[in-house]
Each structure stands twice: as structure tokens, then as C-alpha cells.
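Student: Please take me through one part of this structure slowly. I would like a close look at the place where the two chains touch.

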There are 2 protein chains.
Amino acid sequence: MNAFQKLVEHSNKVSNFRHLSSIVGWDQAAVMPSGGAEARSNAMAELEVHIHSLMTQPHLGDLFAQAEAQTLSASEQAVLREMKREWQQANLLPESLVHAQSLAGSKCEHAWRSQRGNNDWDGFEKNWAEVVKLSQEEAQIRAEATETTPYDAMLDIYEPGTTSAALDTLFADVKTWLPSLIDEAIEKQKHNNILLPSGHYPTDKQKALGLEVMKLLQFNFEHGRLDESVHPFCGGVSTDVRITTRYDENEFVQSLMGIVHETGHARYEQGLPQSLAGTPAGEARSMGIHEAQSLFFEMQLGRSEAFVDHLARLAANHFQGAEFEQENLSKIYTHVNKGFIRVDADELTYPAHVILRYEIERDLMNGAIKHTDVPELWNEKMKAYLGLSTEGNYKNGCLQDIHWTDGSFGYFPSYTLGAMYASQFMAAMKQTVDVDAAIRSGDLSPVFTWLADNIWSKGSLLTTDELVSKATGEVLNAKHFKAHLENRYLG
Amino acid sequence: MNAFQKLVEHSNKVSNFRHLSSIVGWDQAAVMPSGGAEARSNAMAELEVHIHSLMTQPHLGDLFAQAEAQTLSASEQAVLREMKREWQQANLLPESLVHAQSLAGSKCEHAWRSQRGNNDWDGFEKNWAEVVKLSQEEAQIRAEATETTPYDAMLDIYEPGTTSAALDTLFADVKTWLPSLIDEAIEKQKHNNILLPSGHYPTDKQKALGLEVMKLLQFNFEHGRLDESVHPFCGGVSTDVRITTRYDENEFVQSLMGIVHETGHARYEQGLPQSLAGTPAGEARSMGIHEAQSLFFEMQLGRSEAFVDHLARLAANHFQGAEFEQENLSKIYTHVNKGFIRVDADELTYPAHVILRYEIERDLMNGAIKHTDVPELWNEKMKAYLGLSTEGNYKNGCLQDIHWTDGSFGYFPSYTLGAMYASQFMAAMKQTVDVDAAIRSGDLSPVFTWLADNIWSKGSLLTTDELVSKATGEVLNAKHFKAHLENRYLG
């Protein structure tokens, strides 16, 4: 067995343990009774330690050196590139830093859960100082290893190859047209009459409807399930994808569209190249490309009139009421509103929330601002982008998200990158596929074939730029995103 | 950290990985979609290899030698004794034998799944020859290491400390009175009028009823769940016990009593000493003692008139019909019938099925008979014990069980040992607890307190003989079992 084969075998082993981690993680979120939590945490921590020890075995360095001298096919080269990337990431940080981050992150996140409700910035700030300091150390170490800026090194964890230079350009573009587009959309919708859900929508009926929508979206039930959890997510493994949702019996629109969103994530996972399973080249390309699938399903397909027509028709199997008519549902699903909270934001205002966070976390990691500057910067940017003041309103301002509490700096851009990729994929797809006709026919196969051929089946064989260029003929830009939003909200 | 402490730490680590194994095992049986099977098998096999490698680390031998020279408390001595027992078991067999057994067992079991239906003894025998041969090798190695007979060495896997000499005595006793007791019971019941379930019993109602019965039995839902699987079982971990059942919408008695049975297993697990969690001394004592809990719940409590009264009352919340009246339910649950199939057998004929298997597997492991002798021996013993011929009827004879197909010789006695222990526990309990009054009151706490104090909380701190003697004042004997059966079936 040569060095490359040994590395693949090692990767398969790691992948097997990650499989276990994913399944018990799903179990913890979806079905575990509360009393099982402590023993489960211990078991999961033991597993993570074991995976880390596998990833940092000393002999791997030699194997990578040997494998890089081998003659490999293009696909083998991609496998090697991704295995090496993972190995470098796992070996970059000293154990002492990882341990300190884990402690500081847990403490800060735990306290945040009550501090947020109490609007307690001062209490939060005391714990957060350590989290930020340690993340800056992490960013510094990563930056030195990869010869880039601290923030770009953090961004690289989630979006390999994406730089803040590229994001600055993309987001500068968005900022030139987004605020006015939001105002125009709100003005246009101001006389809309919307019938909001006000009935009782039993969980079992909502679930039955959700399953029908998943069928329409060709979710493969031989390789996955729908369950419930407090925070909806897509987990499991690519041969057994577990999506979850949360039902509110006073409401149905959020859970229903949540299922469409998670089904997008799930179909990406189900469509990954099984021939590369067990290696990182067989995994999803990046957080942004993953979010591009869920947002393609939710925003490009899900909120289109043609798709809402299906939702209305399927809903009629379980519910009756004027709120389920397509025209009303479409109005609900495209309603624009300037709000404080990112997770409640509509498609149009969402990028403003992301750009604000991006600019702050970039400057924080690069040392251009202090963590105590964040509330004031938040307030300034909210006023500039959405006309809302968050002065003294921390709970609906900089305390609203979980991401920064444990040091996950560099993640936020993925949301808006995903929305942009999704728009660009749709524009490219429409050059060869009559998407609207496919949706209306109820057989969306042509849509999914395009995604499977161009995105899902590629795994991480290509870099993100290569993937997007091959699929759409151009690198990522904001043009298609703008056109999509203008068409939907002003068209 | 001294040697004993190091061994406990090592045991905790192994226990964490077993936790993962139990949860993904439950997942596989209860919720995994079929397409996830292959990747799951690989992940689980990887985990088993890892657990085995932990159990066979070379430095453990020295640690055990050092720990045995330490001054330890009684409870620490028990922990050490059980850790050493596990370690010895794991290190006894050469890898090559374990691997050959795994292959031969999988092949034989897989083929058996269709051979049984086809009554294909000849086909089965070809694969089984290898399984038996390898099990005999295993038994020989175990026997040499523990200075006992081959069969006793196999029995020791499931029932530490139990010998075939003891079983021969117990079962000889049972054989003197069981056949006539069966005949008398059948004679007594011959004019019974039983209303069998014949309606439609929806799954959701059966489940709701099952949950109410679990509450009555004080199952702790903070530390466990009820789910569905093809083959009902009790899995998970002691802080998170997963029981399953299978619903048949044409029937309810089997699933309902199945839930009572599994709840017995579950309460044992939930009642194990958490202070010893992570070490084998905190685990269940043996298969027989485990089965004693499930059979205490099912046979001693569950089929008593007082308990069936509760079942009838709880059933009335969900179902109506004369089949649910206590008197009829009691007749169903104590109906005696001589049949071919062990898993369908009633309480009274069940021991005959077990003794038959015990005698055959004992002689097979000890080399007194050949595997090709089994069908004829089966036929002879079935005629002697239950008056039924299985000549040529392999599918309802020696091909009916899964246990022997993969070499699990030594397990069968646990079923009847469990039934005997359960009777003996009940007799002892009744000396201080008014069991019937407790059941009738609907608050069974005194019953569970006795079991918790005398059995559950002891884990594996005591040997089985010590445990039973302390709890009941005498070693295991068939007297209480006989009295219980005579009282129920002739009383």
C-alpha cells in the first residue's frame, strides 16, 4: 500500500468515527431525554479527543510528503489536497489553546443564554473579552501558517479560498443598491393585504404536509429522515441524512419553508459523490456552497409563485382556509420588513444583517477595533443599513447571535455568499432549463439534474472558484443576486 | 494516579465508546433508513475494533498485577474483579479465531434467514458445521484458561459463576414436575371461554396505553424512551434507556405485555449504581439477573390478577370491548398451550423449550454429540417434554432460533434462570411487602424499592450467588418457581 492509499485508509477511519459523531449528535438534538445529557457529553468528548488524536498522528507528515511525490490522477490530487488541508487545520493549533478556547467558549455561551434576555452587555463583555483574545491568537497562528491576514485565516475555515478582499468588493457592490431596494420594496408592498395564520395547525398535519413537500423536492427517504428539534438542522451522514424542523401549532409558514430549506441541504448531502465517500474530497465544498443549496431550495424555488402554487395545493390535503391560497402565501413569503433580528429577517433585508457582522468581525480579528467597540459600531451600522437604532438595546443588537459567544468568527459571510451563489446558479441553470415549466409540471427533475451534475456530484474535487466558474461561466459576483431581488421585489 | 485508578480511568474510556455503540445500535434498529445500513456497518465495525484494541492494550496486564497488590476497599475490590474479568475475556481469544467466527457466523446467520422458511436443514448444516467447530475451539480455549469444561466456559460469558452441574440439578428438579403440571393446567383450562382480540387497535392508541403502563411501572422518562423496532429490545445506556416494541394493529396483548417486559429490563438499567458508572461493577450482574427483572415485571407483576385489573382500567381510556375486561385478559395472559416455537411459548411450557436447548448445546460444546445429531435429539426431547414430534419439521424445530447460527452457545439457560430468580425474589419480597396490596393501590413503590435495594443498586458488586443469597436468604432453587406456577395454573 503506497503513501496515498495509506492516507485514504486513514481518512476512511476518521470518517467512520465522524459518522458516529454525527449520529449521536443528531440523537442528542432530536430524541435524547434530558437525563441522558451528562453521560452523552462525556462520550462525545471522548470521541472528539479520539478523532483529534487520529488527525494528529505523527506519522501522517511523512505520508503526506511521500504522497506528494507520487504520480496521481487529477481526482487523486484533489483528494490529497483536501486531506492535507484537513490535516493542517487539525495540527495548526496548540492543544493548550484549543482547551482554553473550549473552556472560555462554553462559559461565555452558557452565561450568554441568560445575559441576552437581561440585556446584560457588561456581564457578557467580561466573559467575551477572553473569547475574543483567544480567537485573535488562533487567527494569528492561522494567518502565519497560511501567509494571510488574521480574519482571512478564520474565514478560510468555513470558506476555503475566499478572502476579505473579495468579500469587500462583493459587499461594497451590494451596499450601493440594497438600502434603496429595501425602501422601494416596502413602499410597493405597503397596501398589501395579508391574511396571517391565525388558526390551529396540528403538528401531525404539518408533518404530513412537510413530508409531501419533501417528496416533491425528491428527498430520498431511503437515505434520510425528517424529525423534530428545538433548533432545526441538517445532520447525519450523506447515506443517512437527518433533517429536523420545529412545529408551532399557531403557525405553519415558518416550519413549512424551514423544511424546504433543510431539504436543500439534505439533497446536497445525498448527492455527494459516493465514490469519494470517506475522504474530504467527497464532502460538501464549503459552508457557502451548502447554504447555496438550502437557499436555492428556499429562495429560488420555494418562494417562487410556481412553487407556492404547489404548497397551496398540497396544503389543501390537510388544511382549509384562505391563508393557504397561493396569492396570500406568496405575499407572506415575500413580505419585507426592517427588523432587528437576523434569524427573523426576510430575504431582502438579510444581507444587511450579514454585512454588518462581517465588517465588525473582520476588524475585530484584524485588531482594528476592540471588542468593547462592538455595541456602538452595531448601532451605527444598523442605522446606516436599516435605519434602526440599537443604542442600549443589546439583546436585539450585538447580543442576539450565538456565533461569536464561542469564537466562531468568520462564519457569517457564508449566509449571504450562499444567497449569491444560489442566484448565480439559477441564472446559469435557466440558460438550459425551463425552470418555471419544470416547477409547474410538478416534476422538478431537470432542476435537480442540473444541481447534481454541476454542484452535488463534484464534492470538493474542485476549488470553490473552479466549481462556480465551471457551473456558471463566471466567478461569483453580485449581479445575479441583484437581478433576482429586483425581479422578485420590484418586478 | 495509582494502578487501580488508571484502570478505572481506562474503563471509563471504554465505557464512553460503548455508550456510542449502544446509541448507534439503537438508532440502527429503531430509526435508521435502510439506505444507511452499509456505511453504518462500517462505522460500527470500526468502533468495535477500537474498543477491542483498547481492551487489549499490552500495558493493562502490568496495571492489573500492580492493582492486585494494592490495599483496596471491598467495593474497589469488586470493581477490580469485574474489570479483570472483562479484560481476561477480551484477551482470551486469538484475533484469527474471532475473525473466522465473525465470518462464519455472518454467513450462517444470513443464509439461515431463508433456509429456515425453506425447512432446509441440509443447506444449513453445511454452514453450521464451521460455526460449531469454531465455537468448540473457543470453548476449549476458554475452558483451559478457566479450568472448567468447555460448555461451562461458554456459559460463563453470560452467567458468571453458574455451572452446568448447578443447572443439571435445577433442571432435573423441574423435569420431575413440569410435564404433569403442564397437562393438569391444560386440562383445567379446557372449558375456558376466551375472547381473543379481533378488532382494529391503532398504533397511536396502543402506544398511548403502553406509555401509561410504563408510568404505572415508574419508568423514568427523564432517562429513557419508548420507540418501535422489528425485534423489541432494551438498549441505550443506563442514563438513557431505550426500549422498543412492535405494534400489530390486529392485536394488542403481545405488544402490551412486551412493554411490561422491556420496562423490567429498563428499570434495572435505570436503577444501576451511578457511582460505579463507567466500570463493569456498575453494570448488570448477568443475563439471568437481567431476565429476572423483565420476567419479574412480566410474569410476577404483569400477569397477576391485580395488575391485569390496572391494564383493563388503563385500556378503557383508549379502547372499548369485552376483550379488555380483566377476567378475559387474565385468561389470555395465562393460557397454556403446547407449541413448537419457543418465542411464542407461554410461561408454563417455556422452561421445556429452554431445557431441551440447554441439554443439546451442553453436549455439543463438550463434544458428546455431533452437530448432525441435533435434529434427532430435538425430536426426541420435544416428544418427551411436550409430546410433539419435529421429525422432518426443522423450521419449527432446531432451525427456529437465531442464537446458534452465529455461535451464541450458553445463552439459552438465562431465560429460565431469570424466571426462577424472579419467583424467588417475589417469594422473598412477600415476606416484608404486601405486594398484592401495593399493586391494587396503583402505587407499586414498595415493590420497586425492594428490587432497587436488593438487586438494581448492587450492579455487579456481588457475585450472582452472593446477590441472590443476600436478597432471598438462600441460593437459587426451583422451589419458588414451582410454587408460583402451581399457584397460578392449578390454584
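Tutor: Start with one pair. Arg40(A) forms a salt bridge with Asp240(B). The closest N and O atoms of Arg40(A) and Asp240(B) are 3.3 Å apart. Bear in mind that this is a predicted model. Why can such a pair form? Side chains of opposite charge can pair when their charged atoms come close.

Now swap the chain letters. Asp240(A) forms a salt bridge with Arg40(B), and here the closest N and O atoms are 3.4 Å apart. This pair crosses between chains. Asp240(A) sits in strand β3 of chain A, residues 240-245. Arg40(B) sits in helix α2 of chain B.

Next, count. Between chain B and chain A there are six salt bridges. Over all chains, the structure holds 55 salt bridges. Polar contacts add to the picture: 16 residue pairs are in polar contact across the interface of chain B and chain A, counting pairs with both residues at pLDDT 80 or more.

Which elements of chain B build its side? Those giving two or more residues to the side that touches chain A are α1 (3-30), α2 (37-55), β1 (224-228) and β3 (240-245). The largest share comes from α1(B), with nine residues. Sort that side of chain B by class and you get 12 nonpolar, 10 polar and eight charged residues.

How much is covered? The contact takes 30 residues from chain B and 30 residues from chain A. The area buried between the two chains is about 2,600 Å². Carbon and sulfur atoms give 60% of that area. In chain B, Leu20(B), Pro33(B) and Glu46(B) lose the most area to chain A. Together these three make up 20% of what that side buries.

Now the symmetry. Two copies of a chain are related by a rotation about an axis and a shift along it. Here, a turn of 180 degrees and a shift of 0.0 Å along the axis lay chain B on chain A, with an RMSD of 0.0 Å. That is the relation of a two-fold axis. The same surface serves both copies: 100% of the contact residues of chain B recur in chain A.

Finally, look at α1 in chain A. Helix α1(A), residues 3-30, has 28 residues, so at 1.5 Å a residue it should span 40 Å. Its end C-alpha atoms are 40 Å apart, which agrees. Asn2(A) caps the N-terminal end of α1(A). A side-chain oxygen of Asn2(A) lies 3.1 Å from the backbone nitrogen of Phe4(A).

How values were computed:
Residues numbered from 1 in each chain as written. Chains lettered and ligands numbered in written order. Predicted model: local features only at pLDDT ≥ 70, side-chain atom pairs only at ≥ 80, totals over all residues. Heavy atoms only, no water. Contact = heavy atoms within 4.5 Å. Buried area = accessible area lost by both parts, 1.4 Å probe. Salt bridge = Lys/Arg side-chain N within 4 Å of Asp/Glu carboxyl O. Polar contact = N/O pair within 3.5 Å; in protein donor to acceptor, adjacent residues only side chain to side chain. Helix = DSSP H or I, 4+ residues; strand = E, 2+ residues; numbered from the N terminus. Nonpolar A, V, L, I, M, F, W, Y, C, P; charged D, E, K, R; others polar. Least-squares fit on C-alpha atoms with pLDDT ≥ 70 in both. Expected span 1.5 Å × (residues − 1).
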